[in-house]
Amino acid sequence: MLANEYSYSDCLRHSIKNAWTVDDCFQDRDFDFSKMFLPERIAGVAGIVCLNEEEKLKLNQIRGNSYCHIFAFVEEYIIPMVLDHARRDVFGDETRLRFLLRFAEDETKHQDMLRRAMTQIDRGLGHTCGVIPGREDVARVVLGKSPLAALLLTSMIEWFTQLHYVEHVRDSGQLDPLFQDILRHHWIDEAQHAKADTILIEEVAAELSEAERVQAVDELLELGMAIDGLLAQQIEMDIDTLEAVTGRSFDDGERSEISSAQQHAYRWTFILSGLEHPRFVQTVGDLTAAGLDKIEHAVGALSQ
Ligand SMILES: [Fe+2]
Ligand SMILES: [Fe+2]
């Protein structure tokens, strides 16, 4: 059981030791627009033949903005979800309560950090980047699913946040230092959140039958498909922004080339890097073998 490796007291200790503020992260800095914001594995711009190098750099920076937006967007529901779990045992384990309250507060801090980044990126690009609306509606949809489905989505997101930073950002050496620091600060907190998710999943799943666990995996995959639809909308908005900041107008063939490269990159970033994360796979495998088969099937379909 993966949850046995983690404890709320360990999460709390790390969280207190590594506490940071949004001002600590920004240190009054601005972004350097001569540099990439995202690593190529996330941005997926290098192979687009209809764009020159300068336009690829702009698309990378626009993607930096939408990366911040999508995180702020999908993490919105986590705040009420974690508070609900905290309230479930409000007079019980004080360490659990303290950590879960910090967890919720961390997510409000992340929203503040990510929105500040977006404001500065818009200012630097001289254009307000288009971003998908409706985050409260999405939060309501996620919270309308079973508690286990919402926790599995959270676990997936919090593991992939770490993978993006540790494997693709930390040692890159080519990225804008402020953007890199934003992802580093996010990772510091998410490293504890992902452990707590695993414990919460075990708490919730202990009371569920195999059929209910499989049902939660089905709901997670429905949410994944809904996120895929939102990403497709964001891709079109990113291309509109790229037209605005470069002064170019893309014909249908160019738009479709950019869009299919971006679909590949977005899907890996926000869905596949989570569903395939070894710790997430282990968490689902601990819950239900049938659910794990469904996840593997979905990964196969989305990877094509
Ligand atoms: Fe977060
Ligand atoms: Fe988090």
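**Figure 1. The largest cavity in this predicted model has a volume of about 60 Å³.** Welcome to a tour of a predicted structure, with this view as the starting point. Searching the whole structure turns up 4 cavities of 30 Å³ or more. Around the largest cavity you will find M1, L2, A3, T198, I201, E202, T283, D286 and L287 as the lining. Two elements, α9 and α12 (278–287), each give two or more residues to that lining. By character, the lining residues of the largest cavity split into 5 nonpolar, 2 polar and 2 charged.

**Figure 2. The iron ion (ligand 1) is held by glutamate and histidine donors.** Here the coordinating atoms come from E75 (OE), E75 (OE), E107 (OE), H110 (ND1), H186 (NE2) and E190 (OE), at 2.1 to 2.5 Å. E75 and E190 are each listed as donors to this iron ion (ligand 1), and both of these residues are buried. If you like to find such sites by reading along the chain, look for the spacing E-x31-E-x2-H-x75-H-x3-E, which the donors of the iron ion (ligand 1) follow. E75 sits in helix α4 (residues 53–75) and E190 in helix α9, so this pair ties together parts that are 115 residues apart in sequence. What makes the arrangement around the iron ion (ligand 1) irregular? The 6 donor atoms subtend angles of 55 to 164 degrees, and the arrangement is irregular because of these angles. For six donors to count as octahedral, opposite donors must be over 155 degrees apart and all others between 65 and 115.

**Figure 3. The iron ion (ligand 2) has its own set of donors.** In this close-up, E107 (OE), E158 (OE), E190 (OE), E190 (OE) and H193 (ND1) coordinate the iron ion (ligand 2), at 1.9 to 2.4 Å. Along the chain, the donors of the iron ion (ligand 2) can be traced by the spacing E-x50-E-x31-E-x2-H. E158 belongs to helix α8 (residues 147–169) and E190 to helix α9 (residues 177–205), so the pair ties together parts that are 32 residues apart in sequence. As for their surroundings, E158 and E190 are both buried.

**Figure 4. E107 bridges the two iron ions.** How far apart are the iron ion (ligand 1) and the iron ion (ligand 2)? They lie 3.4 Å apart, and E107 coordinates both. E190 also appears in this view, as a donor to the iron ion (ligand 1) through OE and to the iron ion (ligand 2) through OE, listed twice.

**Figure 5. The structure has 0 disulfides, and this view looks at two of its cysteines, C11 and C25.** The search that gave this result covered the whole structure. C11 is buried, with a relative accessible area of 0%. C25 is in no disulfide, and the nearest cysteine sulfur, that of C68, is 9.9 Å away. For comparison, a disulfide needs a pair of cysteine sulfur atoms within 2.5 Å. Is C25 buried or exposed? C25 is buried, with a relative accessible area of 0%.

**Figure 6. Q27 and D28 have positive phi values in the loop between α2 and α3.** Take a moment with the backbone here. Q27, found in the loop between α2 (22–26) and α3 (40–43), has a phi near 45 degrees, a positive value in a residue other than glycine. D28 is in the loop between α2 and α3 as well, and its phi is near 60 degrees, again positive in a residue other than glycine. How do the two fare at the surface? Q27 is exposed, with a relative accessible area of 52%. D28 is exposed too, with a relative accessible area of 85%.

**Figure 7. R170 and L152 each have a partner elsewhere along the chain.** R170 is in the loop between α8 and α9 and is partly exposed, with a relative accessible area of 37%. Its C-alpha atom and that of Q180, 10 residues apart along the chain, are separated by 7.2 Å. L152, by contrast, lies in helix α8 and is buried, with a relative accessible area of 0%. Look also for V217 in this view: L152 and V217 are 65 residues apart in sequence, yet 7.9 Å apart in space, C-alpha to C-alpha.

Definitions and conventions
Residues numbered from 1 in each chain as written. Chains lettered and ligands numbered in written order. Predicted model: local features only at pLDDT ≥ 70, side-chain atom pairs only at ≥ 80, totals over all residues. Heavy atoms only, no water. Donors = N, O, S within 2.8 Å, 3.2 Å for Na, K, Ca; no water. Helix = DSSP H or I, 4+ residues; strand = E, 2+ residues; numbered from the N terminus. Buried < 20%, exposed > 50% of the residue type's maximum accessible area, 1.4 Å probe, protein only. 1 Å grid on protein atoms, 1.4 Å probe; cavity = no way out; pocket = protein on both sides within 12 Å on 5 of 7 lines; lining within 4 Å. Points joined across faces, edges and corners; volume = space filled by probe spheres on them. Nonpolar A, V, L, I, M, F, W, Y, C, P; charged D, E, K, R; others polar. Tetrahedral: all angles 85-135°; square planar, octahedral: opposite > 155°, others 65-115°.
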